[in-house]
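Welcome, and please open your viewer with the cartoon representation switched on. We will go from stop to stop, selecting a few elements each time.

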Amino acid sequence: MPSETEIARFAAGQNAKPPSRLGQRYSATRFLPEGGNTVVCHLDQSVPSHRAILEARERMQALPGAENFLYTPAASLHMTVFEGVIETRRTADAWPADIDRDAPVATVTEALMKRLEPFSAPPAFAVRVKDVLPTGLLLTGATTEDDRIMRDWREALTTPFGYRHSDHDAYRFHMTFAYPTGWIPDDLVPVWIEELNAIRKDLSQAAPVIPLKAPAFCRFADMEAFEELRVLA
């Protein structure tokens, strides 16, 4: 099953080095300042089925070896639609071509707010769980048409943002629950495979459609909160 390969990537025996963002985005105990902007769909916590997502997160936190992950606040849960600029990533495929790469992130955010004023949003879409990973949920369109519309959103946003990520077409939609601070002990990997597959099955039944708010342009100072500046739909 897909989870077996994905979970193996987090096994201690498969990783000789610490997680790549440890010390940059977060430490072993807290999230570090790393400002930026983004377009996300927040988890809609006004819809009762959102509790199934929180329960899945709690079940993952209770797994043996979960101390090797730093969890984001439940209130911040979201699905990224398009990655905006971020302080630590000032590359040609992730920064507006007509804005100096030394410019403050706040300057880029202000410029993007103006560019998004006339944005013509694609239709609404719905998503479902595709898989459950040690770091959270892998998501896909609830239908083939929804999946196409999600890709249309990403394509449409390349115009106001002024760039296209290197992984634009291969991007995997997801909802991050946690970041690895270490690795899952090899002897616990079978436990994670079994439990995450069980969580996936239960979540798919309890929330066949993940309740999300409309895409919104947000700014953030770290991975703990994403302030909505403009709802795009």
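In which sense do strand 1 and strand 3 pair, and over how many bridges? Select strand 1 (residues 36-42) together with strand 3: the two pair in the antiparallel sense over six bridges. Here helices (H or I, at least four residues) and strands (E, at least two) are DSSP runs, numbered from the N terminus, and two strands pair if DSSP finds at least two bridges between them.

Before moving on, a word on the model: it is predicted, local features need pLDDT of at least 70, side-chain atom pairs count only at pLDDT 80 or more, and totals for chains, interfaces and linings use all residues. Residues are numbered from 1 along each chain as its sequence is written, and side-chain values use heavy atoms, with hydrogens and water left out.

**Stop 1: the four-stranded sheet**

Show H42 as sticks and you will find H78 of strand 3 opposite. Now widen the selection to the whole open sheet, whose four strands follow the order 3-1-8-9 with antiparallel pairing. Strand 3 (78-86) and strand 9 (227-231) are the edge strands, each pairing on one side only. Neighbouring strands are turned by 30° against each other on average, direction ignored; axes are lines fitted to C-alpha atoms, for helices over the stretch in contact, and angles run from 0 to 180 degrees between N-to-C directions.

Add helix 3 (residues 105-115), which packs on this sheet and touches strand 1, strand 3, strand 8 (216-220) and strand 9. Contact means heavy atoms within 4.5 Å. The direction of helix 3 makes about 50° with that of strand 1. Next select helix 4 (residues 144-161), lying across strand 1, strand 3 and strand 8 and running at about 20° to strand 3.

Then zoom in on strand 8 and strand 9, which form a hairpin with six residues between them. Four bridges link this antiparallel pair, and F217 stands opposite R230 in strand 9.

**Stop 2: the three-stranded sheet**

Select strands 4, 5 and 6: they make an open sheet in the order 4-5-6, with antiparallel pairing. Its edge strands are strand 4 (127-133) and strand 6, each pairing on one side only. On average, neighbouring strands here are turned by 25° against each other, direction ignored. Strand 4 and strand 5 run antiparallel and are joined by six bridges; L133 stands opposite G136 in strand 5. Helix 5 packs on this sheet, touching strand 4 and strand 5, and its direction makes about 165° with that of strand 4.

**Stop 3: a helix pair**

Keep helix 5 (residues 189-206) and add helix 2 (residues 50-61): they pack at an angle of about 170°, with their axes 10 Å apart. Helix 2 is therefore roughly antiparallel to helix 5, a label for angles over 145 degrees. Show side chains at the contact, including A52, I53 and M60 in helix 2 and W192, L196 and L203 in helix 5. By class, this contact has ten nonpolar, no polar and two charged residues. Ala, Val, Leu, Ile, Met, Phe, Trp, Tyr, Cys and Pro count as nonpolar, Asp, Glu, Lys and Arg as charged, and the others, Gly among them, as polar.

**Stop 4: pairs to revisit**

Which strand 3 residue did H42 face? It was H78. And what stands opposite F217? R230 in strand 9 does.

Terms used: Angles under 35 degrees count as roughly parallel, over 145 as roughly antiparallel, 65 to 115 as roughly perpendicular and the rest as oblique.
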